[in-house]
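This report covers nonpolar packing, aromatic pairs, salt bridges and a surface patch.

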Amino acid sequence: MITVDFQCLHMHERSRILDIGCGSGRHTAAAFDIGKGSVIGADPSFNDLRQACARLDVHARWTPRKSGAWSLAAADIAHLPFKDRSFDVVICSEVLEHIPDHRQAIRESIRVLKPDSQLVISVPRRWPETICWALSSRYRNTPGGHIRIYNARALIRMVQTCGLSLWRSHFAHSLHTPYWWLKCLLGIDRPHLRPVAAYERFLIWDMMQKPRSTRRLEDLLNPVMGKSVVLYFRKTR
């Protein structure tokens, strides 16, 4: 499930890309597949980094490219082990809602970004997330889970006060929104239930096959019920 639109990002063969909170490496692998520059996936979880390493090994073996490299780092977003102004693109997708000191996380993301470069942030959209919280106390109280609901305008202002300008935004993953409502309604820890399992199979099929019909449906529904809001900033100084 790729949240960031890489086609709109300005990258070249010497670009350095950082995927913060990379998890199992979905965006790290997507950036690597473009074949422009080098990408680093950073995450504090060694288990997630192992999964990311396995995913990237497969991509490196089976995706032909003329250039590009990848690496992984165990790192805390609040204290990144990288020099100032080191990266041309920084991706922070579905991470900030998990971080207690999200202001420090944003400052660190900006610190390692070169001037006139790009920061991409995605977080759960406010109204679908509010319904999840209302339907399930387990959803909102899971250790390591979501600790806040974002107002997109407030988040944009927070980043803009650090000297960045917003140049694009969009919503994503509308087909995933009913799935999470269903999970919250029936029990967040009961994935075996038939309606939840059936919807999950549909989502996996859709992600693997990418049929035109569901791509069009998701594009139509994203402005209304997209699960995530995706924000693209440029560092101006």
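Contact here means heavy atoms within 4.5 Å. The model is predicted. On that definition, L18 touches I40, A42, L80, F82, F87, V89, V90, I91 and V112, when residues up to four places away in sequence are not counted.

**Nonpolar cores**

L18 also belongs to the largest nonpolar core, which has 32 residues. Together with L96, L119, I121 and L155, L18 is among the residues with the most contacts inside this core. At least two residues of the core come from each of the strands β1 (16-20), β2 (38-43), β4 (87-93), β5 (113-124) and β7 (228-235), and likewise from each of the helices α3 (102-111) and α6 (152-160). Another core lies apart from this one and consists of 18 residues, including V4, A29, A30 and V39.

**Aromatic pairs**

How many aromatic pairs does a search of the whole structure find? The search gives eight. One of them joins F82 and F87 in an edge-to-face arrangement, with 5.2 Å between centres and 85° between planes. Both of these phenylalanines are buried, and both are touched by L18.

A further edge-to-face pair is formed by Y179 and W180, at 5.6 Å centre to centre and 75° between the planes. The two partners differ in exposure: Y179 has a relative accessible area of 7% and is therefore buried, whereas W180, at 27%, is partly exposed. Y179 and W180 are also members of a cluster, linked by ring pairs, that includes Y139, Y199, F202 and W205.

**Salt bridges**

The structure holds nine salt bridges. Three of them are listed below, with the N to O distance and the separation of the partners along the chain.

| Pair | N to O distance | Separation in sequence |
|---|---|---|
| D5 and R168 | 2.8 Å | 163 residues |
| D84 and R111 | 2.7 Å | 27 residues |
| R138 and D189 | 2.7 Å | 51 residues |

Each pair can be placed in the fold. D5 sits in the segment before β1, and its partner R168 is in strand β6 (residues 164-172), so the bridge links distant parts of the chain. Relative accessible area is 24% for D5, which is partly exposed, and 28% for R168, which is also partly exposed.

D84 lies in the loop between β3 (69-74) and β4, while R111 belongs to helix α3. Here the partners fall into separate classes: exposed means over 50% relative accessible area, so D84 with 52% is exposed, but R111 with 24% is partly exposed. Helix α3 is also one of the elements that supply residues to the 32-residue core.

R138 is in helix α5 (residues 137-141), and D189 is in the loop between α7 (177-186) and α8. R138 is partly exposed at 36% relative accessibility, and D189 is partly exposed at 49%. Which residues do salt bridges with shared partners join into one network? They are D84, E108 and R111.

**Surface patch**

On the surface, M1, I204, M207 and M208 form a nonpolar patch whose accessible area together is about 380 Å². I204 is located in helix α8 (residues 194-209). Why can I204 be counted as partly exposed? Its relative accessibility is 45%, and partly exposed covers the range between buried, under 20%, and exposed, over 50%.

Note on methods: Residues numbered from 1 in each chain as written. Predicted model: local features only at pLDDT ≥ 70, side-chain atom pairs only at ≥ 80, totals over all residues. Heavy atoms only, no water. Patch = residues over 30% accessible without salt bridge, like charges linked within 9 Å, V, L, I, M, F, W, Y side chains within 5 Å. Areas by Shrake-Rupley, 256 points an atom, 1.4 Å probe, with all protein chains shown as cover. Salt bridge = Lys/Arg side-chain N within 4 Å of Asp/Glu carboxyl O. Helix = DSSP H or I, 4+ residues; strand = E, 2+ residues; numbered from the N terminus. Buried < 20%, exposed > 50% of the residue type's maximum accessible area, 1.4 Å probe, protein only. Core = buried A, V, L, I, M, F, W, Y, C linked by side-chain atoms within 4.5 Å. Phe/Tyr/Trp six-rings, centres within 6.5 Å; stacked < 30°, edge-to-face > 60°.
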